[in-house]
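Okay, thanks for making time. I'd like to walk you through one model this morning, so have a look at it first.

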Amino acid sequence: EELSLFDNLQAMFAALYASALDHYVPKGFWAAYKDYDGMPVNVHEHQDAFEFFTRLQEQVDTHVASAAGASGPKSVLESVVGGKFAQQVISRQCPHRSEREE
């Protein structure tokens, strides 16, 4: 039986927490992590970090919502590691700067 993405994420964090090793190869996580078309992600291909994290957040939230019913939190990952993404442009020649939050 193949573990879900959520189960693999828990296993990965547990291994990282409990291990004295300086690395971890998340083969089960990569097999369980699917793109928007339901296909496994090619780990040898460059991926956008924001899109990766957004998709991960959606999959974890879907799992938690189905397990907790309608009373579950809106976004589990956002409540734990959430924040704001800020894009800054700072000029080297003058004091002008621009910042945009997402």
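I'll go from the overall layout to the aromatic residues, then a pocket, and finish with the strands.

Quick housekeeping. This is a predicted model, so local features need pLDDT of at least 70, side-chain atom pairs count only at pLDDT 80 or more, and totals for chains, interfaces and linings use all residues. Residues are numbered from 1 along each chain as its sequence is written, and side-chain values use heavy atoms, with hydrogens and water left out.

Right, the layout. We have 4 helices and 2 strands, and starting at the N terminus they come in the order α-α-α-α-β-β. Those are DSSP runs numbered from the N terminus, with helices being H or I of at least four residues and strands being E of at least two. Of the 102 residues, 18% are buried. Buried here means under 20% relative accessible area, exposed means over 50%, and partly exposed is in between, using a 1.4 Å probe and protein chains only. Now contacts, meaning heavy atoms within 4.5 Å: if you take those between residues at least 6 apart in sequence, 28% join residues at least 24 apart.

On to the aromatics. How many aromatic pairs does a search of the whole structure find? It finds 5. Rings of Phe, Tyr and Trp (its six-membered ring) pair if their centres lie within 6.5 Å; planes under 30 degrees apart are stacked, over 60 edge-to-face, and the rest tilted. One of the pairs is Phe29 with Trp30, which is edge-to-face at 5.3 Å centre to centre, with 70° between the planes. Phe29 is buried at 4% relative accessibility, while Trp30 is partly exposed at 29%. Trp30 also pairs with Phe52: their ring centres are 5.9 Å apart and the planes sit at 45°, so that pair is tilted. Trp30 is in helix α2 (residues 27-32) and Phe52 in helix α3 (residues 49-68), so this pair ties together parts that are 22 residues apart in sequence. Phe52 is partly exposed, at 25%. Put Phe29, Trp30, Tyr33 and Phe52 together and you get one aromatic cluster.

Next, the pocket.

Rolling a probe the size of a water molecule over the atoms shows where empty space is left. On a 1 Å grid over the protein atoms alone, a pocket is an open set of points where a 1.4 Å probe fits, with protein on both sides within 12 Å along at least five of seven lines, and lining residues have an atom within 4 Å of a point. The second largest pocket has a volume of about 200 Å³; points are joined across faces, edges and corners, and the volume is the space filled by probe spheres set on them. Its lining includes Tyr33, Tyr36, Gln47, Phe52 and Arg55.

Two of those lining residues deserve a closer look. Tyr36 sits in the loop between α2 and α3 and is exposed, at 54%. Leaving aside neighbours within four places in sequence, Tyr36 contacts Thr54, Arg55 and Glu58. Tyr36 and Arg55 are 19 residues apart along the chain, with 7.9 Å between their C-alpha atoms. Gln47 is also in the loop between α2 and α3, and it is partly exposed at 38%. With the same neighbours set aside, Gln47 touches Val41 and Asn42.

Last bit, the strands. β1 (residues 86-90) and β2 (residues 97-101) pair in the antiparallel sense over 5 bridges; strands pair if DSSP finds at least two bridges between them. They form a hairpin with 6 residues in between. Across it, Gln88 stands opposite Glu99, and Ile90 has Arg97 as its bridge partner.
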